[in-house]
Amino acid sequence: MDRCTKEQRHKNMAAIHSANTKPEMIVRKYLFSRGFRYRLNHPRLPGHPDIVLRKYRTCIFVNGCFWHGHEGCKYFRMPKSNVEFWTAKINRNKQRDKREQRELAAMGWHCITVWECELKPDRREQTLTSLEYTLNHIYLGDRTIKYSLPDDDNELMAAEPEPEYDGR
């Protein structure tokens, strides 16, 4: 049973915003302080990712554990009232997240999801350090040479071989 009246619950839920949330601000401040520059909610990318780092071809989604159905998280609990509505809503959110990340991957973007519970004070530093490491790893990995030259130099000769001169 819900402890709030219907009007109180409506007011509480209406006050929850989707942008500039506390977890998102924590990630943004950390990235900016480490020299990462980004755009917010890029309108031309599927799902309008929370943070877009074009230089790294990476999108970061900062997800709330409740709204995106974080499995195995102590902060995600299905509400006891209006169960059908919430089950359908959270399942739709999860399916939408997967679809958008597949679309981004098909476009050549890396996707990182940071969960709200991972930004709690006891795990925050480890999560943010790991995020920084991952971004640097992506950057270096995307810029390595992905091909090798064959050992035989004659196979790739683009011009005629040099003529031999007899020295006269």
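## A walk from histidine 70 to the sheet

Select histidine 70 to begin: leaving aside residues up to four places away in sequence, it touches Cys65, Phe76, Trp115 and Cys117. Keep in mind along the way that this is a predicted model. Where does histidine 70 sit? It lies in the loop between E3 and H3. Is histidine 70 buried or exposed? Its relative accessibility is 14%, so it counts as buried.

**Next stop: the sheet**

Now colour the strands. Four of them make an open sheet, in the order E1-E2-E3-E4, with mixed pairing. The edges are strand E1 (39-40) and strand E4 (110-115), each of which pairs on one side only. A reminder for newcomers: strands of a sheet pair through backbone hydrogen bonds, either parallel or antiparallel. Which sense do E3 and E4 use? Select residues 58-63 for strand E3 and you will find that E3 and E4 pair in the parallel sense, over six bridges. One pair to click on is cysteine 59 with its bridge partner in E4, cysteine 111.

**Two helices on the sheet**

Show residues 83-106 next. This is helix H3, which packs on the sheet and touches E3 and E4; its direction makes about 170° with that of E3. Then add residues 124-142, helix H4, which also packs on the sheet. H4 touches strand E2 (51-53), E3 and E4, and its direction makes about 180° with that of E4.

Stay with H3 for a moment. Its 24 residues reach 35 Å from the first C-alpha to the last, close to the 34 Å expected at 1.5 Å a residue. Which residues of H3 are buried? Select Trp86, Ile90, Asn93, Asp97, Glu100 and Leu104 to see them. After H3 comes glycine 108, with a positive phi near 95°.

**Last stop: the cysteines**

Show the cysteine side chains. A disulfide is a covalent bond between the sulfur atoms of two cysteines. How many disulfides does the structure hold? Zero. Why is cysteine 73 not bonded to cysteine 65? The sulfur in cysteine 65 is the closest cysteine sulfur to that of cysteine 73, but the distance is 3.6 Å, too far for a bond, because a disulfide needs the sulfur atoms within 2.5 Å. Cysteine 73 is buried, at 10% relative accessible area.

Go back to cysteine 111, whose closest cysteine sulfur is in cysteine 59, at 5.3 Å, so that pair is too far for a bond as well. Cysteine 111 is partly exposed, with a relative accessible area of 25%.

Notes: Residues are numbered from 1 along each chain as its sequence is written. This is a predicted model: local features need pLDDT of at least 70, side-chain atom pairs count only at pLDDT 80 or more; totals for chains, interfaces and linings use all residues. Side-chain values use heavy atoms; hydrogens and water are left out. Two strands pair if DSSP finds at least two bridges between them. Helices (H or I, at least four residues) and strands (E, at least two) are DSSP runs, numbered from the N terminus. Contact means heavy atoms within 4.5 Å. Axes are lines fitted to C-alpha atoms, for helices over the stretch in contact, and angles run from 0 to 180 degrees between N-to-C directions. Buried means under 20% relative accessible area, exposed over 50%, partly exposed in between (1.4 Å probe, protein chains only). The expected span of a helix is 1.5 Å times one less than its number of residues.
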